[in-house]
Amino acid sequence: VQARATDAAGKTSAIETTTIKMDATAPTVTVAGIADGAELDVSAVRTARVAVSDATSGAAREVVRLDGKVVDAPVRLDAMSLRPGRHLLEVTAVDEAGNQASRTVRFRVLAPTHGKARKLVDRLDDEGAVGPRLATKLKKELKAAKQAERRKDVREALRSLKRFSKLAERVDDKEVRLALKRLSRTLKSQL
């Protein structure tokens, strides 16, 4: 665009030029760290990294939601803290011109098995969330429950999982404690 101004006295300015960019293109949204359609076992941890780019006007804002709840990016997806089943990670971005784009990643947390539960206890032991002695006791109860289930002794499997749940109460970290108790309930419901 070019313009010139004339004042009340009739003086005319030099021609001034300015460039105006027209932006009708939505920003680009990418999510790395978890694939659409991913399946996570109970011990899995992923970090979803979000990137928004817009070559014309620049990115203005982004909103990241996990199962409808706004979360900060990058998003730590710890399967032990998510219920088994389908989950949605949604990113909505708006550029400075108001153009909007979205990206949705669907993933599933698999129902736990005794083997995956043991893998989770190992992970929590490695991270220091449960001590080695408690981890050994938790794994012992998982093994006993699995053996009882193989023998079709549901009553004994339930007792082992109840002991597992009681041991989980010793965990200081609330999120870990609740996840282990939920794990016990889920394994009981599979009997």
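## Strands, helices and the model

Helices and strands are here DSSP runs, of at least four residues (H or I) for a helix and at least two (E) for a strand, and they are numbered from the N terminus. With that in mind, strand 7, which covers residues 69-71, and strand 8 each supply at least two residues of the lining of the largest pocket. The structure described in this report is a predicted model. The sections below take up the two sheets, then a helix pair, and then the empty spaces.

## The five-stranded sheet

Five strands form an open sheet in the order 4-10-9-6-7, and the pairing within this sheet is mixed. Strand 4, residues 38-40, and strand 7 stand at its edges, and because each of them has a single partner strand, one side of each is left without a neighbour in the sheet. On average, and with direction ignored, neighbouring strands of this sheet are turned by 30° against each other.

The pairing can be followed across the sheet, beginning with strand 4, which pairs with strand 10 (residues 100-109) in the parallel sense over three bridges. Along this pair, Ala 38 stands opposite Phe 107 in strand 10, while Leu 40 stands opposite Val 109 in strand 10. Val 109 also appears on another side of the account, as the bridge partner of Gly 85 in strand 10.

Strand 9 and strand 10 run antiparallel and are joined by 10 bridges, and one of the partnerships here is that of Glu 90 with Thr 104 in strand 10. These two strands make a hairpin with four residues between the strands, in which Gly 98 takes a positive phi near 95°. Strand 9, residues 85-95, is also joined to strand 6, residues 59-66, by seven bridges, and these two strands run antiparallel as well. Glu 90 figures in this pairing too, being the bridge partner of Arg 65 in strand 9. As a general point for reading such sheets, in a regular strand the side chains alternate between the two faces of the sheet.

## The three-stranded sheet

A further open sheet consists of three strands in the order 3-5-8, and its pairing is antiparallel. Strand 3 (28-32) and strand 8 (75-78) are the edge strands, each with a single partner strand, so one side of each is left without a neighbour in the sheet. Neighbouring strands of this sheet are turned by 20° against each other on average, direction ignored.

Strand 5, residues 45-53, pairs with strand 8 in the antiparallel sense over four bridges. Within this pairing, Leu 77 in strand 8 is the bridge partner of Arg 46.

## A pair of helices

Two packed helices are described by the angle between their axes and the distance between the axes. Helix 2 (residues 132-150) packs against helix 3 (residues 154-168) at an angle of about 165°, and their axes lie 7 Å apart. Because angles over 145 degrees count as roughly antiparallel, helix 2 is roughly antiparallel to helix 3. The crossing in which helix 2 passes helix 3 is left-handed.

## The largest pocket

The volume of the largest pocket is about 190 Å³. Its lining consists of Leu 66, Asp 67, Lys 69, Val 71, Val 75, Arg 76, Leu 77, Asp 78, Ser 81 and Leu 82. Strand 8 gives the most to this lining, with four residues. By character, the lining of the largest pocket divides into five nonpolar residues, one polar residue and four charged residues.

## The cavity

Rolling a probe the size of a water molecule over the atoms shows where empty space is left. In this model, the count comes to one cavity of 30 Å³ or more, and about 80 Å³ of space lies in the largest cavity. Its lining is made up of Val 42, Ala 79, Met 80, Leu 82, Pro 84, Val 109, Leu 110, Pro 112, Ala 179, Arg 182, Leu 183 and Thr 186.

Helix 4, residues 174-189, gives the most to the lining of the largest cavity, with four residues. The residues around this cavity divide into 10 nonpolar, one polar and one charged. Leu 82 is listed in the lining of the largest pocket and is listed in the lining of the largest cavity too.

Definitions and conventions: Residues numbered from 1 in each chain as written. Predicted model: local features only at pLDDT ≥ 70, side-chain atom pairs only at ≥ 80, totals over all residues. Heavy atoms only, no water. Pairing = 2+ DSSP bridges. Axes fitted to C-alpha atoms, helices over the stretch in contact; angles between N-to-C directions. 1 Å grid on protein atoms, 1.4 Å probe; cavity = no way out; pocket = protein on both sides within 12 Å on 5 of 7 lines; lining within 4 Å. Points joined across faces, edges and corners; volume = space filled by probe spheres on them. Nonpolar A, V, L, I, M, F, W, Y, C, P; charged D, E, K, R; others polar. Parallel < 35°, antiparallel > 145°, perpendicular 65-115°, else oblique. Left-handed = near helix turned anticlockwise from the far one by under 90°.
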